[in-house]
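Q: I'm new to reading protein structures and would like a close look at a single part of this one. Could you take me through it slowly?

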Amino acid sequence: MGADNQTLVREFILLGLSSDWDTRVALFVLFLVMYLVTVLGNFLIVLVIRLDSRLHTPMYFFLTNLSLVDASYATSIVPQMLVHLIAEHKGIPYVSCAAQLFFSLGLGGIEFVLLAVMAYDRYVAVCDPLRYLVIMHGGLCARLAITSWVSASVNSLMQTTITFQLPMCMNKYIDHISCELLAVVRLACVDTSSSEIAIMVSSIVLLMTPFCLVLLSYIQIISAILKIQSTEGRKKAFHTCASHLAVVVLCYGMAIFTYIQPRSSPSVLQEKLISLFYAILTPMLNPMIYSLRNKEVKGAFQKLLGQLSGLTSKLAT
């Protein structure tokens, strides 16, 4: 059936956001700027962590992974969307559509698992600070990161395989900005109930398992913070988790609102906008949250800027 499907449908057409040329040009400029900010911001986070030895700690190791995932996730969707905003033909080959779905699902899943891993890291930092570096040693951090990448990739491969084994007949118009999971499933010309159930179960497992681990970690963290006697101590402990908590709310809030909902809502336009904000806004805001709310990252940025300024002055003279 998969082979017949490829014979009948060699290319999909993405309908995108708008058919009005002026609107598409304006969106192209806006999304291009946001995409460049996203890639630059996440690249700078990785660079600063790499160059500043003070940031060679478990928390920033996981933040490096998160920044790489954010930049890659945006890259799996936005460049193709930008091309389609100004191109007359909005086709995407069958294989490219499958690849885009695999990478976007995989990278999105990695982010959710990483956030759970980072919540555990914050739990150890707050609840057992004296043994933090002993518990969160390099080997454990590497295994946790590898688990995040592998588990999400396997889940993505399974969902992509299920989706593209469905017969599409001659349905090739995807009413979305990218090859999004549910938008592609809707093209099937057979009953997709069993496939949707399998996809929903795997999505819930990948979303809710890390989410429950995040909740459990923060219940323990809040309990530990409330036991701290001094106000200054409480503020310091909360500040340790503030950036991660903000990213958790942003990422899980978007994802849950997008996928855990009745089939009758939201509208197709709302789905496009939600996916758009998740593909562009979240990866763009994550490095801003970590840089603006984190004194160590801000200090490392200032140090890097000072070094660059000094180097520029030497070259000028």
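Which handedness does the disulfide of Cys97 and Cys179 have, and why? Please also show me what surrounds it in the rest of the chain.

A: Happy to! One thing to keep in mind from the start is that this is a predicted model.

Let's begin with the bond itself. Cys97 and Cys179 form a disulfide, with their sulfur atoms 2.0 Å apart. The torsion about the S-S bond is about -125 degrees, so this disulfide is left-handed. The pair joins distant parts of the chain: Cys97 sits in helix H4, while Cys179 lies in the loop between strand S3 (173-174) and helix H7 (181-185), 82 residues apart. Both partners are hidden from the surface, since Cys97 is buried and Cys179 is buried too. A search of the whole structure finds one disulfide, and you have just met it.

What about other cysteines? Cys241 is in no disulfide; the nearest cysteine sulfur belongs to Cys127 and is 8.4 Å away. Cys241 is nevertheless buried, with a relative accessible area of 2%. Cys251 is buried as well, and its relative accessible area is 0%.

Now look at Ser178, which is placed in the loop between S3 and H7. Ser178 counts as buried because its relative accessibility is 6%, and the cut-off for buried is under 20%. Setting aside residues up to four places away in sequence, Ser178 touches Leu14, Ile77, Gln80 and Gln100.

Next, let's step back to see the whole chain. There are 11 helices and three strands. Starting at the N terminus, the elements run α-β-α-α-β-α-α-α-β-α-α-α-α-α. Of the 317 residues in the chain, 48% are buried. The disulfide gave us one link between distant parts, and contacts tell a related story: among those with a separation of 6 or more, 81% are between residues 24 or more positions apart.

Helix H4, the home of Cys97, leads us on to the interior. In soluble globular proteins, nonpolar side chains tend to be buried together. Here, the largest nonpolar core has 50 residues, and Leu63, Leu115 and Met136 touch the most other members. Helix H4 (residues 94-127) supplies the largest share of this core, 12 residues. A second, separate core holds 22 residues, including Ile92, Ala98, Leu166 and Leu187.

Met136 is a good residue to zoom in on. Leaving aside neighbours within four places in sequence, Met136 is in contact with Pro58, Phe62, Tyr120, Asp121, Val124, Cys141 and Leu144.

One of those contacts, Asp121, opens another topic: charge. Side chains of opposite charge can pair when their charged atoms come close. Asp121 forms a salt bridge with Arg122, with their closest N and O atoms 2.7 Å apart. Both partners are covered: Asp121 is buried at a relative accessible area of 1%, and Arg122 is buried at 6%.

The count comes to four salt bridges, and two others among them make a nice contrast. Arg54 pairs with Asp52, the closest N and O atoms being 2.8 Å apart. Arg54 counts as exposed because its relative accessibility is 53%, whereas Asp52 is buried, with a relative accessible area of 4%. Arg131 forms a salt bridge with Asp128, and there the closest N and O atoms are 3.1 Å apart. Arg131 counts as partly exposed at 47% relative accessibility, and Asp128 is partly exposed at 22%.

Finally, let's move to the outside. The accessible surface of the chain comes to about 16200 Å², and 69% of it belongs to carbon and sulfur atoms. A nonpolar patch on this surface is formed by Trp21, Val25, Val29, Val33, Val37, Ile86 and Met288, which together have about 550 Å² of accessible area. Helix H2 (residues 21-51) gives the most to the patch, with five residues. Met288 comes from helix H10 (residues 268-292) and is partly exposed, with a relative accessible area of 32%.

To return to your question: the disulfide of Cys97 and Cys179 is left-handed because the torsion about its S-S bond is about -125 degrees.

Definitions and conventions: Residues are numbered from 1 along each chain as its sequence is written. This is a predicted model: local features need pLDDT of at least 70, side-chain atom pairs count only at pLDDT 80 or more; totals for chains, interfaces and linings use all residues. Side-chain values use heavy atoms; hydrogens and water are left out. A salt bridge is a side-chain nitrogen of Lys or Arg within 4 Å of a carboxyl oxygen of Asp or Glu. Buried means under 20% relative accessible area, exposed over 50%, partly exposed in between (1.4 Å probe, protein chains only). A nonpolar core is a set of buried Ala, Val, Leu, Ile, Met, Phe, Trp, Tyr and Cys residues joined through side-chain atoms within 4.5 Å. Helices (H or I, at least four residues) and strands (E, at least two) are DSSP runs, numbered from the N terminus. Contact means heavy atoms within 4.5 Å. Accessible areas come from the Shrake-Rupley method with a 1.4 Å probe; for residues, only the protein chains shown count as cover. Patches are made of residues with over 30% relative accessible area and no salt bridge: like charges are joined within 9 Å, nonpolar side chains (Val, Leu, Ile, Met, Phe, Trp, Tyr) within 5 Å. A disulfide is a pair of cysteine sulfur atoms within 2.5 Å.
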